[in-house]
Amino acid sequence: MNISRRTTTVGLMLSVMAAGLALGASASAQTVMRISISSPQNSHQGVAIDTFAKEVERLTNGRYVIKTFYASSLGAEREAMESVQMGTQELTWTSSGPVPNFVPEVKILDVPYLFTDYAHARGVLDGPIGDEMLEKFEPKGFKALAWAENGFRHMTNNKHPIKVPADMQGLKMRTVENPVHIQAYKAFGINPTPMAFSEVFTALQQGTVDGQENPLSVITASKFDQVQKYLTLTGHVYSPGVYLMNKATFDKLSDEDKKAFIEAARIGVKANRDRIDSDEKNAVADLRSKGMEVIETIDKAQFQAALEPIMADFNKQFGKENLDRIRAAK
Ligand code: EAX
């Protein structure tokens with residue numbers, strides 16, 4: 001009786017050890033990767049990478065684990081792109097802000113008033129034009145998994161409400177490090193000050209700049225209402241987001257895993273856009289309740305007219321036919 005009990009105990013111990021070894025083996029077969037964003041976790045960007053991480057894990061049966069980093073904790077968007085390009089970071093989700101410094105062909109998407117509304121922008125990015133643009137990242141060392149969304153950008157400042165284009169004259173505004181934005185804001189009469197997003201809250205608080213411009217989702221998630229008085233729904237630029245992966249790292253995946261990563265990004269895009277849709281419904285009331293003065297309607301034609309002097313240059317830079325192709329796309 002004693003002996004057989006001991007045998008059973010030893011058997012049990014052995015099987016526990018074997019299970020432990022098996023667990024250890026499967027844990028070491030797990031590959032951990034990192035993805036980062038510039039906004040806080042509670043945002044349209046946070047939803048985008050949290051969903052992606054969950055889906056990669058699900059679709060690869062846990063063989064890949066994605067660790068998520070928020071609020072530029074691994075570096076600002078441009079630095080994150082550099083790290084992904086070099087392969088010292090596997091993935092990032094970035095706004096189009098720094099992208100033209102790496103992939104100049106993508107600059108065209110940030111031309112002011114190019115997209116009429118969210119449906120138009122999403123249709124273009126999900127269609128053949130979007131696919132062509134995703135391919136432009138590859139020679140630069142990136143695999144662009146999918147276009148996502150940062151949103152239509154609006155201006156905030158501390159000086160006075162912007163109601164007509166003349167109100168923008170002389171305002172010192174933080175901008176993204178994107179040449180198209182900088183050129184456009186100069187045409188608006190703004191004094192553009194490019195700066196990494198991670199520095200914006202403090203710059204607004206300390207008055208280094210009078211204002212900034214970002215989608216409602218970013219303004220609310222980053223609590224800019226605490227440091228900005230006036231918001232005007234200028235909607236002057238649509239800014240996409242994009243899931244980027246180091247190309248060599250992507251190329252090493254099996255065909256099945258490549259599909260899983262792309263599928264996970266697409267599911268992430270859906271969650272990202274759904275969050276933006278809900279932010280767009282709630283943000284204005286929310287920001288007003290926190291003390292911001294919001295100008296909801298402007299005469300868009302007047303703002304577009306202010307850009308007329310640089311449109312000829314944009315037509316030359318990007319090809320009028322390419323701009324028109326995007327304008328006409330569904
Ligand atoms: O999280 O730098 C910027 O203004 C971008 O919109 C960024 O994605 C905000």
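This short talk looks at one residue, Thr232, and then at the ligand and its surroundings.

Before I begin, please keep in mind that this is a predicted model, in which local features need pLDDT of at least 70 and side-chain atom pairs count only at pLDDT 80 or more, while totals for chains, interfaces and linings use all residues. Residues are numbered from 1 along each chain as its sequence is written, and side-chain values use heavy atoms, with hydrogens and water left out.

Let me start with Thr232, which you will find in strand E8, residues 230-246 (a strand being a DSSP run of at least two residues, numbered from the N terminus). Is Thr232 buried or exposed? Thr232 is buried, its relative accessible area being 1%, where buried means under 20% and exposed over 50%, with a 1.4 Å probe and protein chains only.

If we set aside neighbours within four places in sequence, Thr232 is in contact (heavy atoms within 4.5 Å) with His154, Met155, Ile162, Ile295 and Ile298. His154 is 78 residues away along the chain, yet its C-alpha atom and that of Thr232 are separated by 6.2 Å. As for Ile162, its backbone oxygen lies 2.7 Å from a polar atom of the Thr232 side chain.

Now to the ligand, where the residues around it, having a heavy atom within 4 Å, include Ser38, Glu77, Arg174 and Phe197. Which distance separates an oxygen atom of the ligand from a polar side-chain atom of Asn214? That distance is 2.7 Å, while for a polar side-chain atom of Arg153 the distance to a ligand oxygen is 3.0 Å.

Definitions and conventions: Helix = DSSP H or I, 4+ residues; strand = E, 2+ residues; numbered from the N terminus. Polar contact = N/O pair within 3.5 Å; in protein donor to acceptor, adjacent residues only side chain to side chain.
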